[in-house]
Amino acid sequence: MTNSLSPSDTAKFVAAKRASEMVQSGMKVGLGTGSTAAFLVKCLGERVRDEGLQITGVPTSNRTADLAREVGIKVVTLDQARWLDLTIDGADEYDAELNLIKGGGGAHLQEKIVATASDKMIVIADVTKKVDTLGAFPLPVEVLAFGMKTTQMLLEEMLDGLDVMGNSVTPRMAGDALFVTDEGNHILDLHLGRIGNARQMALVLNQVPGVVENGLFIDICDVIITGHGDGTVEVRDINTGETETGVLGGEMADNVFGEIAD
Ligand code: 5RP
């Protein structure tokens, strides 16, 4: 039954499954967005159903909210929860210092607010997301619709003075129309190739009028759980310096894979 998932989905699933085991009853948990986070939400839903796990989820997008409710997780807003024990989310890239690029799914604004309002952020990712230097994945920047072309021009000019390989900026599309975020804004994707100084980039991007939030997560992630296509999972905690490796397999994986893949 484990064969019902592709190696890429197996990697995402095992990372998500391992993270779901770190959630305890009574916790307020930020629920990320994307295909890896969707595995997490399903794993948590299984624990709610089978073990009576009692958690309160704060979703980072409308689609995660819908999925969480569907699998039986109690959902509240961040304003209702105020502060969270833990956020678990995916990423588009992570480096050795656990700095991230997020926003491939267009949800990084809510994701950053929710992760920042949490005691701990765990990122779940397949091994392809690991990079030496951030920037091969286009960096998403959420911008207001008002004056968006001017914002784009200002960003292009700003990039000229920074340590990057490329400086093209493209509006994200959804078919023929501009992509619209859950907050009603748009996204500009920055094709940088390589970001020499991600900390500086994260700060200066948000100085440009019209920019709402960029997809760089600096010093926010505490733990990275990396999944591999063969079912191996590595857990690395940046605060303790500990790394643990294991394999999620056998009967447990067979049972869960069967239901999650549906
Ligand atoms: C959404 C995100 C996602 O976490 C990121 O795009 C990774 O997605 P996936 O797990 O589908 O690869 O930042 O805004």
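## Exercises on a predicted model

Helix H1 covers residues 7-20, which makes 14 residues, and its first and last C-alpha atoms are 20 Å apart, close to the 20 Å expected at 1.5 Å a residue. The structure is a predicted model.

**Exercise 1.** Decide whether H1 is largely enclosed by the rest of the structure or not, and say why.

*Solution.*
Step 1. A residue counts as buried when its relative accessible area is under 20%.
Step 2. In H1, the buried residues are Thr10, Ala11, Lys12, Phe13, Val14, Ala15, Ala16, Lys17, Ala19 and Ser20.
Step 3. That is ten of the 14 residues, so H1 is largely enclosed by the rest of the structure.

**Exercise 2.** Describe the shell of residues around the ligand.

*Solution.*
Step 1. The ligand is surrounded by 17 residues, and the closest are Ser35, Thr36, Asp92, Gly103 and Lys129.
Step 2. Sorted by class, this shell holds ten polar, five charged and two nonpolar residues.

**Exercise 3.** Find polar contacts of the ligand with Asp92, Lys129 and Gly106, then state how much of the ligand the protein buries.

*Solution.*
Step 1. The cut-off for a polar contact is a pair of N or O atoms within 3.5 Å.
Step 2. A side-chain N or O atom of Asp92 is 2.6 Å from a ligand oxygen.
Step 3. For Lys129, a polar side-chain atom lies 2.7 Å from an oxygen of the ligand.
Step 4. Gly106 uses a backbone N or O atom, 3.4 Å from a ligand oxygen.
Step 5. The ligand taken alone exposes 380 Å², and the protein buries 91% of that.
Step 6. Helix H2 (35-51) and helix H5 (108-116) are the elements that each give two or more residues to the shell.

Notes:
Residues are numbered from 1 along each chain as its sequence is written. This is a predicted model: local features need pLDDT of at least 70, side-chain atom pairs count only at pLDDT 80 or more; totals for chains, interfaces and linings use all residues. Side-chain values use heavy atoms; hydrogens and water are left out. A residue is near a molecule or strand if one of its heavy atoms lies within 4 Å of it. A polar contact is a pair of N or O atoms within 3.5 Å; within protein, one must be able to donate a hydrogen and the other to accept it, and residues adjacent in sequence count only if both atoms are side-chain atoms. Accessible areas come from the Shrake-Rupley method with a 1.4 Å probe; for residues, only the protein chains shown count as cover. Helices (H or I, at least four residues) and strands (E, at least two) are DSSP runs, numbered from the N terminus. Ala, Val, Leu, Ile, Met, Phe, Trp, Tyr, Cys and Pro count as nonpolar, Asp, Glu, Lys and Arg as charged, and the others, Gly among them, as polar. The expected span of a helix is 1.5 Å times one less than its number of residues. Buried means under 20% relative accessible area, exposed over 50%, partly exposed in between (1.4 Å probe, protein chains only).
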